[in-house]
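Biologist: I would like to learn how to read a structure like this one. Where should we start?

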Amino acid sequence: MNNPKTITVAVTGLNNIDSPGPGVSVIRGIKDSELNVRIIGLAYENLEPGIYMPGLVDKTYLIPFPSTGSEAFLSRLAYINEKEDLDLIIPNFDSELYLFIKYSDELLKMGIHTFLPTLDQFEERHKNNLPEYGKKYGIKMPVSQAVLNSKELSNLPKPLSYPYYIKGKFYEAYKVNTINEGVAYFNKLSAKWGLPVVVQQSITGTEVNVIVLGDGEGNTISAVAMRKQYITDKGKAWGGITINDERLIEITHDIVRKTKWRGAMELEMIKTDEGEYHLIEINPRIPAWVYLAVGAGQNIPEMVCRLAMGEKVTALTDYEYGKMFIRYSWDLIGDISDFEKIIIFGEL
Amino acid sequence: MSKLNSLAISDNGFIFKPSTGESFTTNEIGLIIINLLKEEKSADEIINKITEEFDIDAISAGRDLYEYLDFLKREKMLD
């Protein structure tokens, strides 16, 4: 699998904070591989830690938020491409994926490869579409309802009942036990992430997650299962361990086979005491804990790069169980001149 | 593979259950019970072994054994 040619890979999601983006872990995986790479960081904010981490990125450019619109987005990527001659981009935020998928052909014309789901695949797994998704692909899911107005919370269709989770369109979820809690969280989530807000029945059990890479033809190239061991108040894994759950991996392969998913994703499931699995969410991108999969023997960022560049990649089935990750925070000391470059020129 | 054989058990009494990622600790008597169960020894044989190894009578050893079997079943480590 040696590849002597240097490829230039742009990566987003450098915000390595308490709700971390996957970018830093993605870059670590790529750098652990035999790929010969130049890494270009794409940042939305000038204090994303990945910009300043020594030895992580070769160069960083600020890019406009997706809400700015496609024209500014494409124009900035064209400028960066002119400077860096990008070979591929790995986008790592849910909120930017729509643009990257929609304009993947334009990017390819610029010589920039991606390895992403189709727009249909991306759209149909949205939180507000999950009940239909479950029916279509024969996957067990908790009852859920998309809500556009807080008044709907007092009249949710049966069998939805307390406790339930209320979830933002892209991120954040809160457990709700009363109507007052529900309304307060609805207002918070709709203001932050837009509409709809999704109400999903709480299921009792253990949360288990799988990171998956599909080749777009129904084959699972990689799948690693993990149980969170330490969860922050934002619901993020601060520690986790790889597990050997054969049924969970079987379900994962089945979903990839039926959906023909292209690219990486994370499946979040609840395993009940009776051994049933309920899919509670699909994140359509590499999750922040991807470096655990790398440590367990499946380098998903490397495989994404190779697939995006048109290489044939052999599917992996084995990984080490009992591999753990524990996150930590670390104070970097930077220089104001670096910050100045990002502020004034939008690149560092 | 039986549930018991799928466990990773260290000599220090640390038990890792790969199917769920859970971990447990056990004492010396627990370790002996698990190892004898893996060898498919009977309850009487396990009780005899415990009374040989520890300063404990057969009634107490039997109580320890059945309490430990309950724990293993409750945690789904034993069929």
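Modeller: With the domains, bearing in mind that this is a predicted model. Chain A is divided into domain 1 (3–115 + 331–345), domain 2 (143–201) and domain 3 (204–326).

Biologist: How far apart do the C-alpha centres of domain 1 and domain 2 of chain A lie?

Modeller: Those two centres are separated by 33 Å.

Biologist: Next, sheets. What is the strand order in the open sheet of 6 strands in chain A?

Modeller: The order is β13-β12-β9-β10-β11-β14 (chain A), and the pairing is antiparallel.

Biologist: Why is one side of β13 and of β14 of chain A left without a neighbour in the sheet?

Modeller: β13 (277–283) and β14 (324–326) of chain A are at the edges and each has a single partner strand, so one side of each has no neighbour in the sheet. On average, neighbouring strands of this sheet are turned by 30 degrees against each other, direction ignored. Strand β12 (residues 262–271) of chain A is joined to β13(A) by 6 bridges; in one of them, Leu267(A) has Ile282(A) as its partner.

Biologist: Which helix packs on the sheet?

Modeller: Helix α11 (residues 300–308) of chain A, which touches β9 (206–215), β10 (220–231) and β12 of chain A. The direction of α11 makes about 25 degrees with that of β9(A).

Biologist: Now a single residue. Is Asp105(A) buried or exposed?

Modeller: A residue counts as exposed if 12 or fewer other C-beta atoms lie within 10 Å of its own. Asp105(A) has 9, so Asp105(A) is exposed. Asp105(A) lies in helix α5 (residues 104–109) of chain A.

Technical notes. Residues are numbered from 1 along each chain as its sequence is written. Chains are lettered from A and ligands numbered from 1 in the order in which they are written. This is a predicted model: local features need pLDDT of at least 70, side-chain atom pairs count only at pLDDT 80 or more; totals for chains, interfaces and linings use all residues. Helices (H or I, at least four residues) and strands (E, at least two) are DSSP runs, numbered from the N terminus. A residue is buried if 20 or more other C-beta atoms lie within 10 Å of its own, exposed if 12 or fewer, and partly exposed in between; C-beta atoms are placed from the backbone. Domain bounds come from an automatic or database domain assignment. Two strands pair if DSSP finds at least two bridges between them. Axes are lines fitted to C-alpha atoms, for helices over the stretch in contact, and angles run from 0 to 180 degrees between N-to-C directions. Two residues are in contact if their C-beta atoms, placed from the backbone, lie within 7 Å.
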